[in-house]
Amino acid sequence: MGKIIIDPVTRIEGHLKVEAVVDDGKVKEAKSSGMLFRGLELIMRGRDPRDAQRITQRICGVCPTSHSIAAALNLDSAFDIADKIPDNGRIIRNLILGAAHIADHILHFYHLVALDYVDVARLAKYEGNNPALNSIKSFIARGELGPFVPRYEGDYRLPDEVNEQAIAHYVAAFDMRRKGQEMLALFGGKMPHNMGVMPGGVASVPTVDNITSFLWRLKELQEFIDNVYLPDVLAVAGVYSDYFEIGRGCGNLLAYGSYELDGREADLTKRSRFFKPGTTSTSLKFSEFDPAKITEEVKHSWYADSISGRHPSHGDVVLDEEKKGAYSWLKSPRYGRAVFEVGPLARIMVNYAGGNPRVKSLVDSTLEQVNLKPKDMFSVMGRNLARALETKLIADAMVDWVLELKPGEPAYISYKLPEESTGMGLVGAARGALGHWIEIKEGKIANYKVITPSTWNISPRDDKNQPGPLEQAITGTKIKDEANPFEIVRIVRAFDPCLACSVHLLSPKGRDLGEFRVC
Ligand code: NFE
């Protein structure tokens, strides 16, 4: 029996520690720990409610856009204007979120995940004339291999030609991410931390100029997604097809829904959304989503047991840094007290199970190409594939949305700040279901709660000792070589975790991060 400790896991956002107890070549038990404390919700208390919109974006540099949308939806509902947002405002919010998702998913596949499958060191033998590959070759010759090392060695199976092409696309993907962020900035002003999204709508207006500039970039991105990104994911999936059987996880999927198609329904659980909210499982039976079933449990987190099991609208942050049995700063969000995975896989399979025609036809046609079944999506490769399919669905839909904008019409509605109110903002962030909850008293924020996607996915054991989704996905995995546990990091990265989103401030006392093995 041996213990693998990976601390920190690199090529993700934030500080994640993974421990796996291996017995007879198989993971018997896994633990995932967020090693920084979240204090941001405490910073919010006593402030003007409109600050939520600006401050919560500072939770993260990768997904601030999702936080801006969740905060705006939260404030719309608290200010009683959720059914009055002008169509231009609703559509521009969708375009800003969609641009962020496209850039983020391309970042995930090429710059975080691909290096688990692509062997950059092999470029030392490259004989072709691609300038990007030759420049990487010259770095290798000088021994400058960062950011491609350190890494776990072995199991790089792509044929030379596919390997080289993937590295060339790794370089091209930087340009594509820039274009996505430029699209976001056309309506949001800047990235990160856009200034466009706000309660009441957006601060920008559609013009013929920004519509055409947006469309021009979107067309280029569509070409990249159709002709490069999806084919690359399928090429990697074909060579590593055993990863459709690894990392299956808890089998329960939850999606809040995202991209508002209807501006006149105040209740966002009833509102028509491009990706509908709901839950499903490996049986692919669809169930309606009920936000009242969400709780946060803390038995194994460094928080006081007195706050465990609460709905986020009544949640609190009370530290217990010395707690016995605790091993993470992340709480454990649960739905109906059961463990649920969130993310692109959840959005795609919830919509597949719920009969969303666009999703169903794209998933079925893609799975047919690789000779797989919907149940195979519950896996490492399924998560990577779901992200690529979602990118295509969003990019294609955005072409229609941008053409629905009406220059000359408003994109914002003014409102009156309430003295007392509550609100809820739920959105599908790049990494999954993101929720913001607010309570306003005497015109100020009395309580603000955020549950991010990675808090769901990377959560520790809960009050019933049920391991979190990542912990379940790692447990049972066969490890070929304990000195090179690449199976574990491939499982972790398929979730695209962001620990920065999940926990936010360093413990004032500091903590011993223990044993370091950087992968
Ligand atoms: Ni910091 Fe985030 C996203 C949010 S957390 S990246 O997407 O919300 O998983």
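This passage looks at how the two domains of a predicted model meet, at one helix at that meeting place, and at some of the salt bridges. The model being predicted, local features need pLDDT of at least 70 and side-chain atom pairs count only at pLDDT 80 or more, while totals for chains, interfaces and linings use all residues. Residues are numbered from 1 along each chain as its sequence is written, and side-chain values use heavy atoms, with hydrogens and water left out.

The domain assignment splits the protein into domain 1 (1-36 + 467-519) and domain 2 (37-119 + 156-466); bounds of this kind come from an automatic or database assignment. Taken over C-alpha atoms, the domain centres sit 23 Å apart. Counting contact as heavy atoms within 4.5 Å, 42 residues of domain 1 touch 53 residues of domain 2. Together the two domains bury about 3900 Å², with 57% of that on carbon and sulfur atoms; buried area here is the accessible area (1.4 Å probe) that two parts lose on being put together, summed over both. On the domain 1 side, Arg11, Arg490 and Asp496 lose the most area to domain 2, together 18% of what that side buries.

As for polar links, 17 residue pairs are in polar contact across the interface, both partners being at pLDDT 80 or more. A polar contact is a pair of N or O atoms within 3.5 Å; within protein, one must be able to donate a hydrogen and the other to accept it, and residues adjacent in sequence count only if both atoms are side-chain atoms. The side of domain 1 that touches domain 2 draws at least two residues from each of β3 (26-34), α12 (469-474), α13 (486-494) and α14 (499-502). These elements are DSSP runs numbered from the N terminus, helices being H or I of at least four residues and strands E of at least two. Helix α13 gives the largest share of that side, seven residues. By type, the residues there divide into 21 nonpolar, nine polar and twelve charged. Ala, Val, Leu, Ile, Met, Phe, Trp, Tyr, Cys and Pro count as nonpolar, Asp, Glu, Lys and Arg as charged, and the others, Gly among them, as polar.

Helix α13 is largely enclosed by the rest of the structure, because nine of its nine residues are buried. Buried means under 20% relative accessible area, exposed over 50%, and partly exposed in between (1.4 Å probe, protein chains only). Charged residues are on the buried list too, including Glu487, Arg490 and Arg493. The cover over α13 includes β1 (2-6), β2 (16-23), β3, α4 (87-113), α10 (380-403) and α12. After α13 comes aspartate 496, with a positive phi near 50 degrees.

Salt bridges (a side-chain nitrogen of Lys or Arg within 4 Å of a carboxyl oxygen of Asp or Glu) number 42 in the whole structure, and four of them run between domain 1 and domain 2. Arginine 461 pairs with glutamate 471 at 3.3 Å, N to O. In helix α6 (residues 160-188), arginine 178 and glutamate 182 lie four residues apart, about one turn of the helix, and their closest N and O atoms are 2.8 Å apart in a salt bridge. Arginine 178 is partly exposed at 41%, as is glutamate 182 at 26%. Both belong to a salt-bridge network with Asp175, Lys179, Arg217 and Glu220. Elsewhere, glutamate 153 and arginine 151 meet at 3.0 Å; glutamate 153 is partly exposed at 41%, whereas arginine 151 is buried at 14%.
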